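Let's take a relaxed walk through this protein chain, starting with how its parts touch and ending at its ligand.

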Amino acid sequence: MNPSIKVTILGPTGRLGRAICEAVLDAPGMQLVGAIVRAESPRVGQDIGEMLGRAPHGCLASVSFEESVANSDIVIDASLPAMTVSVAERMAVLPHHCCLVTGVTGFKPGQLERLATASRRVPILMTGNFSLGIAVIEALVEQAAALPAKDWDIEITETHHRLKTDAPSGTALLLGRAAAKARGVDLDRTAIWSREGVTGTRKPGQIGFAVSRGGSVVGEHAVRFLAELEELTISHRAYDRNVFARGAIAAAHWMCHGGKGREAGLYSMQDVVRV
Ligand SMILES: NC(=O)c1ccc[n+]([C@@H]2O[C@H](COP(=O)([O-])OP(=O)(O)OC[C@H]3O[C@@H](n4cnc5c(N)ncnc54)[C@H](OP(=O)(O)O)[C@@H]3O)[C@@H](O)[C@H]2O)c1
C-alpha cells in the first residue's frame, strides 16, 4: 500500500479551505500536516480539528510555510491570488519536491506569468473550478464551439453567492477560454464582459458574459450557443461546496501520482478527468 499523502492547506479558515480541510481529514490515504494562515490571523496556533468543530487533530494553524512544505507531498491552496503567487515562488526555490494544487481565481495577467515561471520548477495544477462536472463540460464546450456551433453566438452566464469578490468567475473564464481556443481566437479580444446603454448590434464571433451575485448560490454556469433556428445550452450547477473539496482531493491524488509526484509544469483538471 502507498504511504499516505501528506497535505498542507493554504487558507484553511476560508469557505473553500474549510471544506478541503474536512475532505482531507476524511480521505483515506491522506494526512493533514500543515495549515497555513495569515501572520495576523487570530487562528494562529489553533488546532484545525477544533477549528472545524471536530476532535483535536494535532495539526495547528501556522505561519511556518517552508517548514510545512518540507514535510509535505502536496500543498492545496484555497487562499487569494497574492498569497498563491508568493507561495509558488517560495516553493520554486526550495530543494524539496512538492506539488501545488491551486483553486484560487482572479489572477491578474502579471500574476499568471509569475505562476507560469514558478511552474518551471514546481508541478502546479491550476483550476478555476475543482468540480469534475465542470471539467467535463469544459471539454464539451470546446467540442461544440469547434464543430456544430462554430458560427453561433456564444453567451456565458454565471451566478454566485453574495460574498464572491471577483467577476466573471474563474469558471466562466475557463469556459470562455475553452470556446475561444476551439475557434482559434484570443478570449481577451473577443470577450464582451458586460453590456449597458446603446451597445449597437452584436458582432459576429463575440463571446458575451453576464454575471449575477446573490444569496448563497454555490455556483451556476451556462454556455449558450445561439443560432437563428436553434439553441444549444451546456450548463452545470453545484449544489454543495463539497463538490470542490472532492475535486481538490482527486486533483491532489493525480498530482501525487502513486507517491512520485508529477514533473514540474502547469496542469489542469482536464489532465485529471482524461485519466
Ligand atoms: N477552484 C474552485 O473549485 C473554487 C471553488 C470556490 C472558490 N474558489 C476560489 O478560491 C478562493 C478562496 O475562496 P473562498 O470563498 O474560500 O474565500 P474566503 O472565504 O475569503 O477565504 C480566503 C482564505 O484565504 C486566506 N487568506 C487571505 N489572504 C491571505 C494571505 N495573505 N495569507 C494567507 N491566507 C490568506 C483567508 O484567511 P483569513 O480567514 O485569515 O482572512 C481565508 O482562509 C477564491 O479565489 C475563490 O474564487 C475556487
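Two residues count as being in contact if their C-beta atoms, placed from the backbone, lie within 7 Å. Keep in mind that this is a predicted model, where local features need pLDDT of at least 70, side-chain atom pairs count only at pLDDT 80 or more, and totals for chains, interfaces and linings use all residues. Residues are numbered from 1 along each chain as its sequence is written.

The chain splits into domain 1 (5-130 + 241-274) and domain 2 (132-238), with bounds that come from an automatic or database domain assignment. Their C-alpha centres are 28 Å apart. Where they meet, 12 residues of domain 1 are in contact with 14 residues of domain 2. On the domain 1 side, α9 (242-256) and α10 (269-274) are the elements that give two or more residues, and α10 gives the most, with four residues. (Helices are DSSP runs of H or I, at least four residues, and strands are runs of E, at least two, numbered from the N terminus.)

Now for the ligand. It has 25 residues around it, and the closest are Gly11, Gly14, Leu16, Gly103 and Phe130; a residue is near a molecule if its C-beta atom, placed from the backbone, lies within 6 Å of it. Two elements, α1 (15-26) and α4 (81-92), give two or more residues to this shell. The top giver is α1, with three residues.

Here is the make-up of both sets:

| Set | Nonpolar | Polar | Charged |
|---|---|---|---|
| Shell around the ligand | nine residues | 13 residues | three residues |
| Side of domain 1 that touches domain 2 | five residues | six residues | one residue |

Ala, Val, Leu, Ile, Met, Phe, Trp, Tyr, Cys and Pro count as nonpolar, Asp, Glu, Lys and Arg as charged, and the others, Gly among them, as polar.
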